[in-house]
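I opened my notebook to get to know a new structure. Here is what I looked up, entry by entry.

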Amino acid sequence: MNKNILPTLFSLILLLFIVANYSIDKKTFQSFVSNPDLVTVNPYPDWKGTPLDENGRFSNLYIPFESSFVELLKWQTSINPQKQLKKNESRRLIVDFDSTVFHGNEDYLMWLGHATFLMRIHGKVVLVDPFLFDNAFLKRESELPFPVEKLPALDYLLLSHNHRDHLDSKSIKYLTEKNNNLKILTGLGIECIIKSWSNGHPIQEAGWYQQYSLLDSAIQITYVPSRHWSRRWIWDDNKSLWGGFFIQNEDYSIYFMGDSGNGPHFEDIKNTLGPPDYCLMGVGAFKPEWFMHQAHISPNDAIDAFNVLNGKYFIPMHFGTLDLSDEPRMEPWDILVQNKESINGALINPILGKNLLQKN
């Protein structure tokens, strides 16, 4: 949401989209669900599956949404104390793309902006949460490091949840048309949204802590919890699941946080799957914190979560690309740099188009 364009049709639509979600009361779990065709890595002995509330909708594990439409209106009608700083922000994300990486055989981990990552792991090419094109409501403020036509052939497309800055229809339609052997990995309830965009490609839906069935046994991808919510239309709040991905191979592991507020699930993930080597941590769209903290983690809380995960490399994301909140574009990175001594690992500058895997 962008306060600078209020009142606009986009803002009104967004208000309608999330009004119900921000009046959810605390629910007790009524049932649990999983994909019976996938293996579950139980985080604790009495794990029953991904929880549903009394209305059959997905629920956070520990901390339900307990905000209100009044608070949403309060944010949208209040004055942003950083309005002028945001307006004067001239810095953009740095781009440094070396096209030769696509022609070799080495693994790579490349940020394309927002929550979009391109990876090659053991010869398999993976793309996460592609947002490749501007649309009527969301405009990139940092360029892609290369034209979309230069994307390598994809093996796997990972989709974390249904929000439009992560599940972009134009991007998915483009990718499924260009990649004949593509397999789509996502959360429960997403297939019904993307099936008409998927060009017939196979779709696997997972519950939390479920491993996808992959032909390449050298890679394991597990869908893991986050503290968030889901909605695309007025009537479908929390009918599809949200989460992150834990990618493992014999050499290293990558944790993609997805969208998440802070919570105990970070420690659960570490205890279940081990400390990740690379942590792709959302740090933007966090202000005002009194409103955003339930869905997006702040840079300082992301540092705490990284330390709980006991990761080796902190790679920030979800900033500098889309205008979704009150903070200036590059403020999340500034906060991380100012507090880098608090990070129990290495802070990686997420230069767009650069291979962020570290040489050991």
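**Entry 1: a helix.** Which residues of helix α6 (residues 265–273) are buried? I keep in mind that I am reading a predicted model. I noted H265, F266, D268, I269, T272 and L273 as the buried residues of α6. Next I looked at how they sit around the axis: they cover an arc of only 160°, which puts them on the same side of α6.

I then asked what the buried residues of α6 pack against. My list has four strands and a helix: β11 (220–224), β12 (244–248), β13 (253–256), β14 (278–282) and α8 (299–309). Before leaving the helix, I checked what comes just after α6, and found G274 there with a positive phi of about 95°.

**Entry 2: one of the strands behind the helix.** I picked β12, as the buried residues of α6 pack against it. How many of the five residues of β12 are buried? I counted five of five, so I wrote down that β12 is mostly covered.

I also looked at where the side chains go. In a regular strand they alternate between the two faces of the sheet. In β12, G244, F246 and Q248 point one way, while F245 and I247 point the other way. Residues of both sets are buried.

**Entry 3: the partners of β12.** Strands of a sheet pair through backbone hydrogen bonds, either parallel or antiparallel. I found β12 paired with β11 in the antiparallel sense, over five bridges. On the other pairing, β12 and β13 also run antiparallel, joined by four bridges. A hairpin of four residues leads from β12 to β13.

Q248 turned out to be a handy landmark for me. This β12 residue is the bridge partner of Q220, and Q248 also stands opposite S253 in β13.

**Entry 4: a six-stranded sheet.** In what order do the strands of the open sheet of six run? I read off β4-β5-β6-β7-β8-β9, with mixed pairing. β4 (108–113) and β9 (203–206) stand at the edges; each has a single partner strand, so one side of each is left without a neighbour in the sheet. The twist from one strand to the next averages 20°.

To finish, I looked inside this sheet at a parallel pair: strand β6 (residues 124–128) and strand β7 (residues 156–158), which share three bridges. I marked V126 and its bridge partner in β7, Y156, to find the pair again.

How values were computed. Residues numbered from 1 in each chain as written. Predicted model: local features only at pLDDT ≥ 70, side-chain atom pairs only at ≥ 80, totals over all residues. Heavy atoms only, no water. Buried < 20%, exposed > 50% of the residue type's maximum accessible area, 1.4 Å probe, protein only. Helix = DSSP H or I, 4+ residues; strand = E, 2+ residues; numbered from the N terminus. Arc of directions from axis to C-beta. Contact = heavy atoms within 4.5 Å. Pairing = 2+ DSSP bridges. Axes fitted to C-alpha atoms, helices over the stretch in contact; angles between N-to-C directions.
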